[in-house]
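Biologist: I'm new to this one. Could you show it to me and let me ask some questions?

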Amino acid sequence: MAGALLFGTIGMVDVFLAMALLIVIASFVSLYRGIEGPGIFNRIIAVNVIGTKTIVLLVLIGFIYERPDFFDIALLYAILNFIMTIAATRY
Amino acid sequence: MSDTIINLTNVITILLLLVGAFFMLAGTIGFVRFPDFYSRMHATGKCDTLGEGLMLVGLIVYGGATFVSVKILFLIMFILLANPTSTHAIAKAAYDVGLEPWRKLDDRVEWMNTGDTGNTSNTGNTDDGGDDQDGGEER
């Protein structure tokens, strides 16, 4: 995207980068509960939350670098995250 | 003018991304700050699903009607199915193991003294002070 009138040279890629940075910050804040959190269930749900954020991060990366391959990776990651959570709660 | 950042598609995309990021950050803050496992799950299970759905809808609006958008739509539908299911599975596993819900102090002492299917190690105790602190640290 070319430069805008109001925003100078800010394009949509920069907006996506800012959103990706917000998601990474939120993932690291969740990682605190995953490390520090008492009990196994807090760690399981921390892994679930970080995986959920990673899906959006992968889709954002696919839009930033203009590569449609990342959406397949995001879909596969969603399925793996779901199966991992179900398998972890069975045992 | 059509390739600038200010047109209708980009504004809708930025608004949806910002609202989704707000929900995600609120869910993360609730996940760190809430006192109990179940209330942490209450924070994350809804806020992450909604925030992620809103951000992906914003990216669909940005992408337009292409094959990629259909793929992201399938991703949203799968997440709307899978994320509450996994949240329910974790909560049910935690309840079956015997993790007690967080109560206020008086309610919790009364609930412990009446006896229930949870951890019964503190049931017969009439001492109210130290046991609640121990119970609070374990979950």
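What follows is a chat about the two chains, their contact and a few residues.

Modeller: Sure, and keep in mind that this is a predicted model.

Biologist: Let's start with chain A. What pattern does chain A follow along the sequence?

Modeller: Chain A has three helices. There are zero strands in chain A to mix in with them. Read along the sequence, then, the pattern is α-α-α.

Biologist: And which pattern does chain B follow?

Modeller: Chain B also lacks strands, with a count of zero. Its helices come to five. Going along the sequence of chain B, you read α-α-α-α-α.

Biologist: What share of the residues of chain B counts as buried?

Modeller: Buried here means under 20% relative accessible area. Chain A has 91 residues, and 44% of them count as buried. Chain B has 139 residues, and its buried share is 44%.

Biologist: How much of the area that chain A exposes do carbon and sulfur atoms supply?

Modeller: For chain B, the exposed area is about 7500 Å², with 65% supplied by carbon and sulfur atoms. Chain A exposes about 4900 Å². Of that area in chain A, carbon and sulfur atoms supply 72%.

Biologist: Now the two chains together. Are helix 2 of chain A and helix 2 of chain B roughly parallel or roughly antiparallel?

Modeller: The axes of these two helices come within 11 Å and cross at roughly 10°. Angles under 35 degrees count as roughly parallel. So helix 2 of chain A and helix 2 of chain B are roughly parallel.

Biologist: How many residues of that contact between helix 2 of chain A and helix 2 of chain B are nonpolar?

Modeller: On the chain A side, the contact includes Ile45(A), Val49(A), Val56(A) and Phe63(A). On the chain B side, Arg40(B), Met55(B), Leu59(B) and Tyr62(B) are among the residues involved. Sorted by type, the contact has four polar and four charged residues, and the nonpolar ones number 14.

Biologist: I'd like to see the aromatic rings too. How are the rings of Phe16(A) and Phe63(A) arranged: stacked, edge-to-face or tilted?

Modeller: A search of the whole structure finds eight aromatic pairs over all chains. In the pair of Phe16(A) and Phe63(A), the ring centres are 5.9 Å apart and the planes are at 55°. Planes under 30 degrees apart count as stacked and over 60 as edge-to-face. At 55° neither of those applies, so the pair is tilted.

Biologist: How many residues apart in sequence are the parts that this pair of Phe16(A) and Phe63(A) ties together?

Modeller: Phe16(A) belongs to helix 1 (residues 12–36) of chain A. Phe63(A) sits in helix 2 (residues 40–64) of chain A. The pair therefore ties together parts whose separation in sequence is 47 residues.

Biologist: Is Phe63(A) buried or exposed?

Modeller: Its partner Phe16(A) is buried, with a relative accessible area of 1%. Phe63(A) has 12% relative accessibility. The cut-off for buried is under 20%, so Phe63(A) counts as buried.

Biologist: Which residue of chain B forms an aromatic pair with Phe63(A)?

Modeller: Leaving aside neighbours within four places in sequence, Phe63(A) is in contact with Phe16(A), Phe71(A), Leu59(B), Tyr62(B), Gly63(B) and Ile72(B). The aromatic pair crosses between chains, from helix 2 of chain A to helix 2 (residues 37–63) of chain B. It is edge-to-face, at 5.7 Å centre to centre and 65° between the planes, and the partner is Tyr62(B).

Biologist: Ring pairs link Phe16(A), Phe63(A) and Tyr62(B) with which other residue into a cluster?

Modeller: Phe63(A) pairs with Phe16(A). Phe63(A) also pairs with Tyr62(B). The remaining member of the cluster is Phe71(A).

Biologist: One on the backbone: which residue other than glycine has a positive phi near 60°?

Modeller: Most residues other than glycine have a negative phi. The residue you want lies in the loop between helix 2 and helix 3 (69–90) of chain A. It is exposed, with a relative accessible area of 63%. Its name is Glu66(A).

Biologist: Last one: which residues does Gly30(B) touch, not counting those up to four places away in sequence?

Modeller: Gly30(B) is in helix 1 (residues 8–33) of chain B. At 9% relative accessibility, Gly30(B) counts as buried. The residues that Gly30(B) touches are Arg40(B) and Ala43(B).

How values were computed. Residues are numbered from 1 along each chain as its sequence is written. Chains are lettered from A and ligands numbered from 1 in the order in which they are written. This is a predicted model: local features need pLDDT of at least 70, side-chain atom pairs count only at pLDDT 80 or more; totals for chains, interfaces and linings use all residues. Side-chain values use heavy atoms; hydrogens and water are left out. Rings of Phe, Tyr and Trp (its six-membered ring) pair if their centres lie within 6.5 Å; planes under 30 degrees apart count as stacked, over 60 as edge-to-face and the rest as tilted. Helices (H or I, at least four residues) and strands (E, at least two) are DSSP runs, numbered from the N terminus. Buried means under 20% relative accessible area, exposed over 50%, partly exposed in between (1.4 Å probe, protein chains only). Axes are lines fitted to C-alpha atoms, for helices over the stretch in contact, and angles run from 0 to 180 degrees between N-to-C directions. Angles under 35 degrees count as roughly parallel, over 145 as roughly antiparallel, 65 to 115 as roughly perpendicular and the rest as oblique. Contact means heavy atoms within 4.5 Å. Ala, Val, Leu, Ile, Met, Phe, Trp, Tyr, Cys and Pro count as nonpolar, Asp, Glu, Lys and Arg as charged, and the others, Gly among them, as polar. Accessible areas come from the Shrake-Rupley method with a 1.4 Å probe; for residues, only the protein chains shown count as cover.
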